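Trainee: Could you take me through the labels on this model and tell me what stands behind each one?
Mentor: Sure, pull it up and ask away.

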Amino acid sequence: MRSCFSVLLVSLFMVSMVCAQSTFTVGTAAAAPGQKAFGTIDVPAHNDPATSIPVAVFHGTKPGPVLALVSGLHGTEYASIIALEKLIQSLDPAQISGTVIIVPLVNIPSFEQKVPHVNPVDGKSMNRFYPGNPNGTQTDRVSWAITKQVVKRCDYLIDYHGGDLDENLRPYAYWPKSGNATQDAITREMVLAFGLDHIIVWSDRPKDPNASRYLDNTANTRGKPAIAVEAGHSGTVEPEDVRLLLDGTVSVMRYLKMLPGTASPVEHPVWIGKVDTVESEQPGIFYPLVQRGTYVAQGMKIGYVTDFYGRMVFEAKAPAAGVVLYICAVPSMKKGDTVANIGEITTTP
Ligand SMILES: [Zn+2]
């Protein structure tokens, strides 16, 4: 199988080789070979305000693929945003074979207003409305612009997330298993190269490129291998979370032969075949009983909800044995809110 990947990689290099001697432009960022350039992807106003998304382009002198790195679809998943901001500071275009497009913060209103999960301008998650719509609300228009100016321009993509303000999350990655054997083999190598040791196998994603919903799936349904990664929790920027995301990125770039050195893939990951979402059946005050990353047995109590007088109104139990991928990090709880995500382990990914 490995020789198939090599043939594919070589053919992508050849495509990019044609462009290696000319300027590479994304939005207003135009980088000559061997240079980096900063600019914006400008999304015009429609029925709600315009927005301007920062973008950095690192254009190598040597031929190689185009890799897109995007974070901050959720603007309060800070560790992932800071990781790409640090990468922008540390990448040297003279060292790169190919081109790297970095979009460190897509959802600026969420970041500025400290609103988790959604874009406060239109109340939509910015990772559910791909491939977007140029005539929709701001989230639709941003998604459209990212599809056109980033996804369509790249050969590979990584989408970065990291435990939102209310998510006490252990690091993990997603392997999008599409059923296309060649592409699945590449995304598998990418997700292993990234190095996070818990990997969710996501095999029920939309197959229609016109209803791709998620950013990584928008790339995958257009034939561009893509993975999603998460590290960070509860609004913190812990150095070890940022480090995981930076090291993983460098390792994937080595796997793609965009940087010198060899990739350091995770050798024995915990594969997660199914994710169970535990929702609260009552509103009130949430108290967790387990930590992120705890391994739980089926039926084990993982937290509880009281009313505002301290009386127990709901006990949250693990529906199956598995690992606590994340658990609600704050006391605020509405009926139907997520208490925790439990990952069921599989030995046959
Ligand atoms: Zn996210």
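What follows is a chat about the labels and the cut-offs behind them.

Mentor: Ground rules: the model is predicted, so local features need pLDDT of at least 70 and side-chain atom pairs count only at pLDDT 80 or more, while totals for chains, interfaces and linings use all residues. Residues are numbered from 1 along each chain as its sequence is written, and side-chain values use heavy atoms, with hydrogens and water left out.

Trainee: Why is the zinc site called irregular?
Mentor: Start with the donors, meaning N, O and S atoms within 2.8 Å of the metal (3.2 Å for Na, K and Ca). The zinc ion is coordinated by His74 (ND1), two OE atoms of Glu77 and His161 (ND1), at 2.0 to 2.3 Å. Four donors count as tetrahedral if all angles lie between 85 and 135 degrees; four count as square planar and six as octahedral if opposite donors are over 155 degrees apart and all others between 65 and 115; anything else is irregular. Here the angles run from 56 to 152 degrees, so the arrangement is irregular. One caution: water is not among the atoms, so sites may look incomplete.

Trainee: What spacing do the donors follow along the chain?
Mentor: The spacing is H-x2-E-x83-H. His74 lies in the loop between β5 (62-71) and α2 (78-90) and His161 in strand β7, so this pair ties together parts that are 87 residues apart in sequence. Helices (H or I, at least four residues) and strands (E, at least two) are DSSP runs, numbered from the N terminus.

Trainee: Are His74 and His161 buried or exposed?
Mentor: Both are buried. Buried means under 20% relative accessible area, exposed over 50%, and partly exposed in between (1.4 Å probe, protein chains only).

Trainee: What makes Pro33 partly exposed?
Mentor: Its relative accessible area is 24%, and partly exposed is the class between 20% and 50%. Pro33 is found in the loop between β2 (29-31) and β3 (35-43).

Trainee: How many aromatic pairs are there?
Mentor: The count comes to seven. Rings of Phe, Tyr and Trp (its six-membered ring) pair if their centres lie within 6.5 Å; planes under 30 degrees apart count as stacked, over 60 as edge-to-face and the rest as tilted.

Trainee: Why is the pair of Tyr160 and Phe194 called edge-to-face?
Mentor: The centres are 6.2 Å apart, and the planes differ by 65 degrees. That angle is over 60, so edge-to-face is the label. Tyr160 lies in strand β7 (residues 156-161) and Phe194 in helix α5 (residues 181-194), so the pair ties together parts that are 34 residues apart in sequence. Tyr160 is buried at 1% relative accessibility, and Phe194 is buried at 3%.

Trainee: And why is the pair of Trp202 and Tyr214 called tilted?
Mentor: This pair has 5.2 Å centre to centre and 55 degrees between the planes. An angle of 55 is neither under 30 nor over 60, so the pair is tilted. Trp202 lies in strand β10 (residues 198-202), and Tyr214 in the loop between β10 and α6 (215-220). Tyr214 counts as buried, at 9%. Ring pairs also link Tyr172, Tyr174, Trp202 and Tyr214 into a cluster.

Trainee: How do you know that the charged end of Arg205 sits over the ring of Trp202?
Mentor: The rule asks for NZ of Lys or CZ of Arg within 6 Å of the ring centre and within 35 degrees of the ring normal. For Trp202 the distance is 3.6 Å. The charged end of Arg205 also sits over the ring of Tyr174, 6.0 Å from its centre.

Trainee: Why is α5 called mostly covered?
Mentor: Eleven of its 14 residues are buried, among them Gln183, Met190 and Phe194. Helix α5 reaches 20 Å from its first C-alpha to its last, close to the 20 Å expected. The expected span is 1.5 Å times one less than the number of residues.

Trainee: What makes β16 and β18 edge strands?
Mentor: Each pairs on one side only. Two strands pair if DSSP finds at least two bridges between them. The open sheet runs β16-β15-β13-β18, with antiparallel pairing. Strands β13 and β18 pair over two bridges, and β13 and β15 over four.
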